[in-house]
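Here are a few short exercises to work through with the model open beside you. Try each one before reading its solution.

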Amino acid sequence: YAKDSQKKIIILDDILAAHELLIGKYYQKRKSSLSAINRYNYIINRFPNTKSAEEAFYRIVECCKNEGLKDEALDAASVLKVRFPNGKWTSRLGNLR
């Protein structure tokens with residue numbers, strides 16, 4: 001039972017993280033960057049090993065750029081590059097300068 005439960009917890013964490021990501025995207029679409037960043041940070045802190053964590057970092061970079069927070073965007077981008085060097089969202093970063 002323990003191994004089966006561990007697998008189910010991983011699946012549930014992925015589902016919860018994906019749901020938080022959708023909420024963050026909703027806020028981001030509505031130009032509420034601070035609320036979106038809070039959701040993305042929640043994913044990174046609570047579900048760091050899920051599929052959604054990489055996209056959450058990318059979305060933080062987007063929000064920071066939209067708010068004119070260049071240094072914060074660069075910081076988030078550098079963490080994204082370190083944590084997910086070959087990731088799909090890392091390759092979308094392009095040049096932030």
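**Exercise 1.** How many disulfides does the structure hold? Explain the result from the cysteines.

*Solution.* Keep in mind that this is a predicted model.
- Step 1: start from the cut-off, which asks for two cysteine sulfur atoms within 2.5 Å.
- Step 2: take Cys-63, whose closest cysteine sulfur belongs to Cys-64 and lies 6.9 Å away, too far for a bond.
- Step 3: turn to Cys-64, which is in no disulfide either, with the sulfur of Cys-63 as its nearest.
- Step 4: the count is therefore 0 disulfides, as 6.9 Å is too far for a bond.

**Exercise 2.** Are Cys-63 and Cys-64 buried or exposed?

*Solution.*
- Step 1: recall that buried means under 20% relative accessible area.
- Step 2: Cys-63 has 0% relative accessibility, so Cys-63 counts as buried.
- Step 3: Cys-64 has 5%, so Cys-64 counts as buried too.
- Step 4: for the wider setting, buried residues make up 36% of the 97 residues in the chain.

**Exercise 3.** Describe the secondary structure, and find where confidence is highest and lowest.

*Solution.*
- Step 1: count the elements, which gives 5 helices and 0 strands, in the order α-α-α-α-α from the N terminus.
- Step 2: look at the chain as a whole, where the mean pLDDT is 93 and 97% of residues reach 70 or more.
- Step 3: go helix by helix; confidence peaks in α2 (residues 33-46) at a mean of 97, and is lowest in α5 (residues 88-91) at 90.

Conventions
Residues are numbered from 1 along each chain as its sequence is written. This is a predicted model: local features need pLDDT of at least 70, side-chain atom pairs count only at pLDDT 80 or more; totals for chains, interfaces and linings use all residues. Side-chain values use heavy atoms; hydrogens and water are left out. Buried means under 20% relative accessible area, exposed over 50%, partly exposed in between (1.4 Å probe, protein chains only). pLDDT is the predictor's confidence in each residue, from 0 to 100. Helices (H or I, at least four residues) and strands (E, at least two) are DSSP runs, numbered from the N terminus.
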